Each structure stands twice: as structure tokens, then as C-alpha cells.
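Work through the exercises below with the sequence and the coordinates open. Each task is followed by a solution in steps.

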There are 2 protein chains.
Amino acid sequence: MSARRADAARNQASIVRAARKLVAARGLDVGMDDIAREAGVAVGTLYRHFPTKTDLVNAIVADHIEAIVHAMEAAMARVDAGGPALPELTGLLEWLAASVGEDHAAKAAATNLGSETVLGLEARAMATLERLVAAAQREGSLYPDVTAADLALLVNTLPGDEVPEPARRRWIQLALRAVCPPRG
Amino acid sequence: MSARRADAARNQASIVRAARKLVAARGLDVGMDDIAREAGVAVGTLYRHFPTKTDLVNAIVADHIEAIVHAMEAAMARVDAGGPALPELTGLLEWLAASVGEDHAAKAAATNLGSETVLGLEARAMATLERLVAAAQREGSLYPDVTAADLALLVNTLPGDEVPEPARRRWIQLALRAVCPPRG
DNA sequence: ACCTGAACACCGTTCAAGT
DNA sequence: ACCTGAACACCGTTCAAGT
């Protein structure tokens, strides 16, 4: 298998790199021609690798979701090793907010977290989130009725760069107040 | 002044009505041709009344903001008459969530609440919100650090119909928990 | 097999011609 | 003054021709 031509592989990588860069900077409505030019290929080539713009965007968004999943699993590993869950949770939220603030694709990724798009990545994300929530609740650092779905919902509605940075910070603070009882 | 031809007035009204209907139902990316057809005019006529699609959408969004301002002022009037502020605030939030859930234009209106778009309507909105917040704080039904800007921020991030209705309800509940101390 | 780029379809916008 | 609808520009997508 994989009798794949070398130029094809190079082109695909180049396309993804170009798309990631332009989408992050200028948003999800960059022209396909622009992406092709930045990648140094013709539009037709772009469409050979990604049959539709949605496919290309999804590929990038999926990458971001994967990064999110990794961050969550790393956090969970530290908790499994005996660390406290609450700082992991707030750290995650803050990291997400920062990404979502400066990268349009990250925002799209966050918005898809709770929904049923993009393969089983979200399943993994939700599974880890559930374990994190359970751990945090054992510590008493989340209200007992707060669920993983609640956290996903909040991540979904994290404001992007349409809201100025200090307001984003404040939003997180409020979100935390909604899920964490005041320190005893 | 106002030597305005009767058909022009009729057409304008018809256009706005058509746009409101289609935008509410199908979102902000309805075609201008579709709106023109629904209004029973040619595209050129549409563009004579609204030089750009943004203008047309803004007109509708501004109407929604006006409705929001009226609801807020009515709530404030009841508080001025001696009523409690907290139920007015939560009622407002719930009403907004319902609108934003079924009307795409309402969602856009809510998203513009804190920002500096669309004339002085938002100034009025913020002024009233500030009075409401002050009243609620005198009752002790909001955390002392919660501001009108916070409430606007939350309204901005109210999830629209991309999130299913029960999740929207839950979101509001969490938002309220972020701003209201538990009942004494 | 894969790449190229001219061509098509769609939608926001314009403008010459009508009344 | 205002309306009409054919025409233009732009962008996502396709496809005949190349290698």
C-alpha cells in the first residue's frame, strides 16, 4: 500500500500548513485560492486532497480537538498521580480561553466539543472530562450537580476574539464561580 | 419634506417584513434574491432601500435591540415601583434565551449588546442595565462585584439554537449561579 | 497517479433602461 | 423619483488537458 507519490504527500502537508496559518489568522472564510497560493499548488490540487472546504477546515479543527484531548489527558494523568483536580480544571479552562482568543480554528474546535461532529475524538474528550469532573467532585471542589456536559457547554460558549481579552478573563472567572463552591 | 412615493414606502415595509421572516427562519445568510422575491420586488429595489446586505441586517438587528431595551425599561419601571429586582433580572435572561433560541436575528442582536455597534440603543440598554444591577445589589441578590458589563457579557455568550433547548436552560442556571449568591 | 488552470455556478452588488 | 432585471465580480467547485 501507500504507493503514494512523494509530491502528493508534500503537497498535502503544505496545504494543511498553509490552511492552518491562514485560518488561524484571518478566520474560516479565507479563500481557497489564497490557501492554494500560500501552499504553492493549484486549486485543483487542493480539491484533490480535500474534496470540499468543509473537509479542509474539519481536518484543522480535528487537529485542534486532538490537542485539547491531549491536554486533558495530561491533566488527568497528573490527577491520577495524586495531584489536586481543581487547578488542573481551571488551568485547562484558561489555556482554552487563550487559544480560542488568538486562533479562529481553536474557537471552532471548542464550539464543536460537546456536539457530535468530527469522529470519536470528542468521545475521548468527554470520557476524560468525566473522569476529571469525578475527581474534582471527590475533593469537593465542584458543586455536586455539575457534570462533564456542563463543562463542555461552558467551553462551547467561551467567547473568542470578538470579545476583548480582559472580558474573556472575567468570563472565565464567572464561569468558575458557577461550578466551584467558594473555598472553605 | 417626505414627498415620498407611496409605492416606495410600501416596498420598504414589505422588504423589512420579508427580511425579518427569512432571517429569523433561515439565518443571516439568506440570499438577497430570496428576500426580494418574498417581498415581491426586484433586487435593485432592495438595494435602493438598503445599500448593502449589512445595512438590511443591521436594520433588523436594531429592531431587536430596541425590543430588548423596551423589555429592560419595563422591568426597571416595575422595580422603581417597589418590586424586587432579582426576578426581573432572571426573567429578562430567560426571555432573552428563548428569543435567541428561535430567532437568528435575536441572537445577532444579543451578540451586539455590549459592543459599540448600532447607534445609541446600546447606550440606553447599558444605562438601564446599570440601574437594574444597582437595585439588585441593594437587595443583596447579586454578588457585590458583579457589574452591568458582566451581565452584558453573559448575554453576549448566550448560546443560540446551535445548542439544544435543555442545555440552554442549564446554561442560564449556571450563569445565574455565577452572579447570584445562594438564597439566604 | 497526480497536477494545472481555465471554466462554471452561486450570490452580493451595480447600472442602463424603463415608467 | 423610483422600479426592473440583465450584467458584473467574487469565491467555491469542477473538469479537460497535461505530465
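A polar contact is a pair of N or O atoms within 3.5 Å. The model used here is predicted.

**Exercise 1. Find which residues come nearest to DNA strand C, and state which atoms of the strand face the protein.**

Step 1. There are 20 residues around DNA strand C, and the nearest are A:R5, A:N11, A:T45, B:M32 and B:Y47. Of the strand atoms that come within 4 Å of the protein, sugar and phosphate account for 70%.

Step 2. Look at the phosphate oxygens. One is 2.9 Å from a polar backbone atom of B:K53, and the cut-off for a polar contact is 3.5 Å. A polar backbone atom of A:A42 lies 3.0 Å from a phosphate oxygen of DNA strand C. For A:N11 a polar side-chain atom takes this role, at 2.3 Å from a phosphate oxygen of the strand.

Step 3. Assign the surface to elements. At least two residues each come from helix 1 (6-26) and helix 3 (43-49) of chain A and from helix 3 (43-49) of chain B. Helix 3 of chain A gives the most, four residues.

Step 4. Sort by class: eight residues of this surface are nonpolar, seven polar and five charged.

**Exercise 2. Describe the surroundings of DNA strand D, including contacts to its bases.**

Step 1. DNA strand D is surrounded by 20 residues, with A:M32, A:Y47, B:R5, B:N11 and B:T45 closest. Sugar or phosphate makes up 70% of the strand atoms within 4 Å of the protein, and bases make up the rest.

Step 2. Separate base from phosphate. The side chain of B:R5 places an N or O atom 2.9 Å from a base nitrogen of DNA strand D. B:G44 uses a backbone N or O atom, 3.3 Å from a base oxygen. The side chain of B:R48 instead has an N or O atom 3.1 Å from a phosphate oxygen.

Step 3. Elements with two or more residues in this surface are helix 3 of chain A, together with helix 1 (6-26) and helix 3 of chain B. Helix 3 of chain B contributes the most, four residues.

**Exercise 3. Characterise the interface of chain A and chain B by area and by polar pairs.**

Step 1. The size of an interface is often given as the accessible area lost when the parts come together. Here about 1600 Å² is buried between the two chains, and carbon and sulfur atoms give 62% of that area. On the chain A side, A:L153, A:L174 and A:R177 lose the most area to chain B, together 34% of what that side buries.

Step 2. Count residues: 15 of chain A are in contact with 15 of chain B.

Step 3. Count polar pairs. Between the chains, 10 residue pairs are in polar contact, with both residues at pLDDT 80 or more. Six salt bridges cross the interface. One of the salt bridges joins A:R170 and B:D145, with the closest N and O atoms 3.3 Å apart.

Step 4. Locate the chain A side. Helix 8 (148-156) and helix 9 (165-179) of chain A each supply at least two residues, and helix 9 has the largest share, six residues. By class, this side has 10 nonpolar residues, one polar and four charged.

**Exercise 4. Which residues of helix 6 of chain A are buried, and against which helices do they pack?**

Step 1. Helix 6 covers residues 104-111, and its buried residues are A:A105, A:A106, A:A108, A:A109 and A:A110.

Step 2. These buried residues pack against helix 1, helix 4 (53-80), helix 5 (85-102) and helix 8 of chain A.

Step 3. Check the N-terminal end of helix 6. A:D103 caps this end, with a side-chain oxygen 2.9 Å from the backbone nitrogen of A:A105.

**Exercise 5. Is A:S141 buried or exposed, and what does it contact?**

Step 1. A:S141 sits in the loop between helix 7 (121-139) and helix 8 of chain A.

Step 2. Its relative accessible area is 10%, so A:S141 is buried; the cut-off is under 20%.

Step 3. The side chains of A:S141 and A:E139 are joined by a polar contact of 2.7 Å. Setting aside neighbours within four places in sequence, A:S141 is in contact with A:L86, A:A136, A:V179, A:C180 and A:P181.

**Exercise 6. Summarise the fold of chain A.**

Step 1. Chain A has nine helices and zero strands.

Step 2. Buried residues make up 49% of its 184 residues.

Step 3. Of the chain A contacts between residues at least 6 apart in sequence, 66% join residues at least 24 apart. The C-alpha trace spans about 60 × 40 × 25 Å along its principal axes.

Definitions and conventions: Residues numbered from 1 in each chain as written. Chains lettered and ligands numbered in written order. Heavy atoms only, no water. Near = heavy atom within 4 Å. Polar contact = N/O pair within 3.5 Å; in protein donor to acceptor, adjacent residues only side chain to side chain. Nonpolar A, V, L, I, M, F, W, Y, C, P; charged D, E, K, R; others polar. Contact = heavy atoms within 4.5 Å. Buried area = accessible area lost by both parts, 1.4 Å probe. Salt bridge = Lys/Arg side-chain N within 4 Å of Asp/Glu carboxyl O. Buried < 20%, exposed > 50% of the residue type's maximum accessible area, 1.4 Å probe, protein only.
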